[in-house]
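Reader: Hi! I am new to reading protein models, and I would love a close look at one part of this one, with the surroundings explained as you go.

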Amino acid sequence: MSSIKKILVANRGEIAVRVMRTAKEMGIKTVAVFSEADRGAMHVQLADEAYLIGPAASSESYLNTDKILEVAKKSNADAIHPGYGFLSENAAFTRLVEKNNIIFIGPSADAMDIMGSKLAAKEAVAKYDVPMVPGTESAVSNVPEAKKIAAEIGYPILIKASAGGGGKGMRVVNSEKDFESSMERASNEAQSSFGDGSVFIEKYITSPRHIEIQVLGDKHGNIIHLVERECSVQRRHQKVIEEAPSSVLTEKLRQEIGECAVDVAKSCNYYNAGTVEFLIDDDLNFYFLEMNTRLQVEHPVTELITGLDLVREQINVASGKKLSIEQKDVTINGHAIECRVYAEDPSNNFLPDIGTLTTYKLPEGPGVRVDNAYIEGMEIPIHYDPMMAKLITWGANRIDCIQRMKRAIDEYNIGGVETTLSFCKFAIGHKAFIEGNYNTHFVSEHFKPVMLVIQDEDLGMVAAILAAEMQLSGTSDSQKGNKSNNFSSWRRNRNEYN
Ligand code: MV4
């Protein structure tokens with residue numbers, strides 16, 4: 001069993017800082033790689049060694065496999081941690097790293113290949129008793145045959161690009177009359193977007209919740225799950241708020257979904273940290289969606305309720321150690337919520353906002369964690385994902401956790417760029433969220449930019465804005481002849497926002 005002495009972190013931002021912190025606690029040296037745009041970045045300052053690998057563009061820096069490998073050899077790193085995004089699920093990179101006798105802190109390249117293809121994943125998982133959305137096991141190209149299958153499944157159905165992901169290349173078809181035109185468009189879009197026009201069909205789960213299970217395996221065949229995370233508050237397939245545990249799972253359902261997640265991991269001989277995604281419908285039926293073969297952004301909520309350090313577990317597994325815990329040891333303690341802090345303006349359709357952090361004061365105090373990569377005075381670079389930090393709170397129960405999150409958001413003082421914190425405060429203060437009664441349509445169903453004004457301004461101005469908006473969109477009471485007064489419900493709900 002080789003103990004790892006030096007890790008090159010092939011990433012940037014908060015996840016690079018996060019990995020380096022655990023490595024340092026384990027007495028492991030750290031190597032940073034950085035682009036021209038990240039010269040003064042926190043992960044560069046934190047590392048024991050740092051190497052410039054190229055210009056700002058990701059393709060010439062954080063995705064430059066040859067350059068990263070060159071630095072790994074030059075610095076005598078014996079392992080590489082990919083973080084998430086960039087090369088974290090690139091099987092070719094994993095093979096190149098291992099071919100150079102460097103340990104890749106993540107799963108096998110074979111597991112990445114299987115789970116990177118929706119259809120290959122379905123095929124592997126089909127050998128186990130894991131519920132999947134009713135649909136085709138393989139790509140469909142013959143339109144009459146596909147139409148017959150769609151009729152058997154029952155509308156609404158979803159046409160999905162085999163090479164798609166993250167919501168790209170999905171098309172809902174509500175009735176048979178629209179099938180042929182939708183099939184043709186979906187296939188053409190898939191061909192132009194992914195270079196692969198193959199599509200498959202599934203029953204459309206109309207109002208799903210997004211539940212994912214953290215799994216952890218070692219190189220000796222042991223695999224456990226670390227219960228669920230609820231990730232239904234998403235905007236255009238970008239997660240904004242995650243929590244653990246979910247407010248809808250019963251203990252029995254948690255065990256069932258957890259065992260299925262372990263089976264999915266077994267189907268590809270998985271080791272290291274991974275996440276199995278499920279959809280849950282209104283009747284609490286769950287369906288396997290896909291598996292992510294990396295450490296996820298939202299891993300901290302799992303860490304806070306289980307007491308584990310997932311990066312430490314990853315490093316130990318990568319070095320050949322057996323898992324430090326068994327399934328019976330996994331317990332849930334309290335509740336955790338994560339709010340992602342994006343440099344985006346929620347009052348302006350979440351458009352990215354760049355600038356200098358003229359003010360940047362982090363919240364502190366009991367039960368508050370900020371996985372962060374910025375300090376006051378730093379620029380927000382335009383070249384990379386706009387996520388600046390993650391604000392995570394822990395509470396003994398869900399309501400305490402929500403209250404603590406509200407306090408932490410109010411204490412998070414950011415000036416110079418707009419962020420999604422105001423949206424997060426709106427969301428965790430909304431009746432549907434507080435009651436745990438929400439699904440992946442939460443944002444489209446409940447959020448309007450004017451809501452952000454409610455949190456800080458008097459209702460009169462909001463009423464005026466709303467009246468104008470409703471007049472313009474033809475949904476005002478007078479136009480609809482609707483007697484109910486939207487503002488009274490707003491006044492009621494207003495208490496939820498405070
Ligand atoms: C679905 C679905 C409903 N029915 N599949 C979106 C991204 C990709 N991971 C799969 N996704 C979905 N697949 C069927 N058969 C609804 C979604 C979906 C979704 C899933 C999880 C979290 C957020 C979502 C937002 C929109 C749609």
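Reader: In which loop does Pro 245 lie? Please start there and then lead me through the rest.

Author: Happy to! Keep in mind that this is a predicted model. Pro 245 sits in the loop that runs between β11 (238–244) and α9 (251–266). The peptide bond between Ala 244 and Pro 245 is cis, with omega about -5°. Most peptide bonds are trans, and that is why a cis one deserves a second look. A cis bond also leads from Tyr 155 to Pro 156, with omega near 0°. Pro 156 is likewise a loop residue, placed between α7 (143–153) and β6.

Now follow the chain onward from Pro 245. Beyond α9 comes a loop to β12, and Asn 269 lies in that loop. Asn 269 is not a glycine, yet its phi is positive, about 50°. Asn 272, in strand β12, also has a positive phi, near 80°. Most residues other than glycine have a negative phi, so such values are worth noticing. The surroundings of the two asparagines can be told apart by their accessibility. Asn 269 is exposed, at 64% relative accessible area, whereas Asn 272 is buried, at 0%.

Strand β12 also brings us to the ligand. Around the ligand there are 18 residues, and those that come nearest are Lys 160, Glu 202, Lys 203, Ile 205 and His 237. Let us take some of the contacts in turn. The side chain of Lys 160 has an N or O atom 3.0 Å from a nitrogen atom of the ligand. For the side chain of Glu 202, the distance from an N or O atom to a ligand nitrogen is 2.8 Å. Lys 203 takes part through its backbone, where an N or O atom lies 2.8 Å from a nitrogen of the ligand. On its own the ligand would expose 530 Å², and the protein buries 92% of that area. Four elements each give two or more residues to the shell: β6 (157–165), β8 (199–203), β12 (272–280) and β13 (286–292). Sorted by class, the shell has seven nonpolar, six polar and five charged residues.

Where does this place the ligand in the whole chain? The domain assignment divides the chain into domain 1 (6–105), domain 2 (134–203), domain 3 (209–446) and domain 4 (452–496). Both domain 2 and domain 3 give residues to the shell, so the ligand lies between them. The centres of domain 2 and domain 3, taken over C-alpha atoms, are 30 Å apart.

Next, let us visit two helices. In helix α10 (residues 299–306), seven of the eight residues are buried, so the helix is largely enclosed by the rest of the structure. Among those buried residues are His 299, Pro 300, Glu 303 and Ile 305. After α10 comes Gly 307, with a positive phi near 80°.

Helix α13 (residues 421–428) is mostly covered too, with seven of its eight residues buried. Its buried residues include Leu 421, Phe 423, Cys 424 and Lys 425. Leu 421 counts as buried because its relative accessibility is 6%. Val 341 is 80 residues away from Leu 421 in sequence, but their C-alpha atoms are 6.0 Å apart in space.

Cys 424 makes a good link to a last topic, the cysteines. A disulfide is a covalent bond between the sulfur atoms of two cysteines. This structure holds zero disulfides. Cys 424 in particular has its closest cysteine sulfur in Cys 339, at 3.9 Å, which is too far for a bond because a disulfide needs the sulfurs within 2.5 Å. Cys 424 is buried, with a relative accessible area of 0%. Back in the region where we began, the sulfur of Cys 260 has its closest cysteine sulfur in Cys 268, 15 Å away, and so that pair is too far for a bond as well. Cys 260 is buried at 8% relative accessible area.

One more stop, toward the start of the chain. His 81 is in strand β4 (residues 79–81) and is buried, at 0% relative accessibility. Its side chain reaches the backbone nitrogen of Gly 83 at 2.9 Å.

Methods
Residues numbered from 1 in each chain as written. Predicted model: local features only at pLDDT ≥ 70, side-chain atom pairs only at ≥ 80, totals over all residues. Heavy atoms only, no water. Buried < 20%, exposed > 50% of the residue type's maximum accessible area, 1.4 Å probe, protein only. Near = heavy atom within 4 Å. Polar contact = N/O pair within 3.5 Å; in protein donor to acceptor, adjacent residues only side chain to side chain. Areas by Shrake-Rupley, 256 points an atom, 1.4 Å probe, with all protein chains shown as cover. Nonpolar A, V, L, I, M, F, W, Y, C, P; charged D, E, K, R; others polar. Domains from an automatic or database assignment.
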